[in-house]
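Trainee: I should like to understand how the terms used for a protein model are justified. May we go through them one at a time?

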Amino acid sequence: MTNGYIGSYTKKNGKGIYRFELNENQSRIDLLETGFELEASTYLVRNNEVLYGINKEGEQCGVASLKIDDNGELHLLNKCLSSKAGTGCYVSISEDKRYLFEAVYGAGIIRMYELNTHTGEIIRLIQELAHGFPTGTHERQDHPHAHYINQTPDGKYVAVTDLGADRIVTYKFDDNGFEFYKESLFKDSDGTRHIEFHDNGKFAYVVHELSNTVSVAEYNDGKFEELERHLTIPENFDGDTKLAAVRLSHDQQFLYVSNRGHDSIAIFKVLDNGQHLELVTITESGGQFPRDFNIASSDDLLVCAHEQGDSVVTVFERNKETGKITLCDNTRVASEGVCVIF
């Protein structure tokens, strides 16, 4: 049995953090329950026995740390709610486990926290930095919108995507906070959202929410150079849709991207050690508004959370040779689910 967690909005019926047990032998979820009621816990990240989630209480915003016990159940360690600038949309941990990074979409800012490397507790907010970059011309690009922040494969920087500014910004970081290093600009109205790095550290797959495209980019010393672009929806689709999550299979052979509105998952074959993609197929996600999904460590199953409709959680079996996925379970629900981790 494999434990997993789903983060959610708490605007309507969402409970915060859901816990699920994935039965890999039967290709289904045997248990899905409220793991911990945490307001606005829209993104989660795990460091061994500690789980971090976005959080807010009233006007105070920040993050919370939770201990994972031997049964996978969650227990609050502490909270750091040190800002009134808005709730985050993405969190990640530095490789040395000393820092927690947070991207805040609405306010267009990034935050950096100090962590206790022994207990996992959040010690303090180190810095809150506003993005001030020129924005694109799309109606949703009225100001910068930081959407993702994570350490680069070389360990030297954090890379931040800005949906409002159509770019990736890299920063140096230390105990004093962030220091601007480089920026990489993409096409106007792309709406740069998330990044998935190939294990070789040389290539990155940059997904753009507004243009529904994925870029293959060469990564070198904090800079991203676009090599090619691919649509994640059929060329003849003219409905309202926007791209969401991106994940690589653990064997690095296939890339998956979810589309909200078209309600599908696009599957690409990874070629030439990561520098090219080739579309395999686009498969229905089995629900409405597939916000996030993740692939079990075995590479056999994919679990997808849907934000809208009945918020069904779908489980797909994965063919490791072709990358294609087949729906095998759609019986569980996580209201307003927007993040899936194992």
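**Sheet and pockets in a predicted model**

Mentor: In this predicted model, 4 strands form an open sheet in the order 20-21-22-23, with antiparallel pairing.

Trainee: What makes strand 20 and strand 23 the edge strands?

Mentor: Strand 20 (242-248) and strand 23 (276-284) each pair on one side only. From one strand to the next, the twist averages 25°.

Trainee: How do you know that strand 20 and strand 21 pair?

Mentor: Two strands pair if there are at least two bridges between them. Strand 20 and strand 21 (residues 254-260) have 5 bridges in the antiparallel sense, so they meet that cut-off. At one bridge, Val246 has Val257 of strand 21 as its partner.

Trainee: Which residues are closest to the centre of the largest pocket?

Mentor: The largest pocket holds about 1,100 Å³ of space. Of its 39 lining residues, Tyr90, Asn150, Glu196, Arg247 and Asn294 are the closest to the centre. Elements that give two or more residues to this lining include strand 4 (44-47), strand 20 and strand 28 (337-341).

Trainee: Why is Tyr90 counted as nonpolar in that lining?

Mentor: Tyr belongs to the nonpolar class by definition, so Tyr90 is counted there. The lining of the largest pocket divides into 18 nonpolar, 14 polar and 7 charged residues.

Trainee: How many residues of each class line the second largest pocket?

Mentor: That lining has 8 nonpolar, 7 polar and 11 charged residues. The second largest pocket contains about 440 Å³ of space. Among the residues closest to its centre is Arg291; Arg counts as charged, so Arg291 belongs to the charged class. Strand 24 gives the most to this lining, with 3 residues.

Note on methods
Residues numbered from 1 in each chain as written. Predicted model: local features only at pLDDT ≥ 70, side-chain atom pairs only at ≥ 80, totals over all residues. Heavy atoms only, no water. Axes fitted to C-alpha atoms, helices over the stretch in contact; angles between N-to-C directions. 1 Å grid on protein atoms, 1.4 Å probe; cavity = no way out; pocket = protein on both sides within 12 Å on 5 of 7 lines; lining within 4 Å. Points joined across faces, edges and corners; volume = space filled by probe spheres on them.
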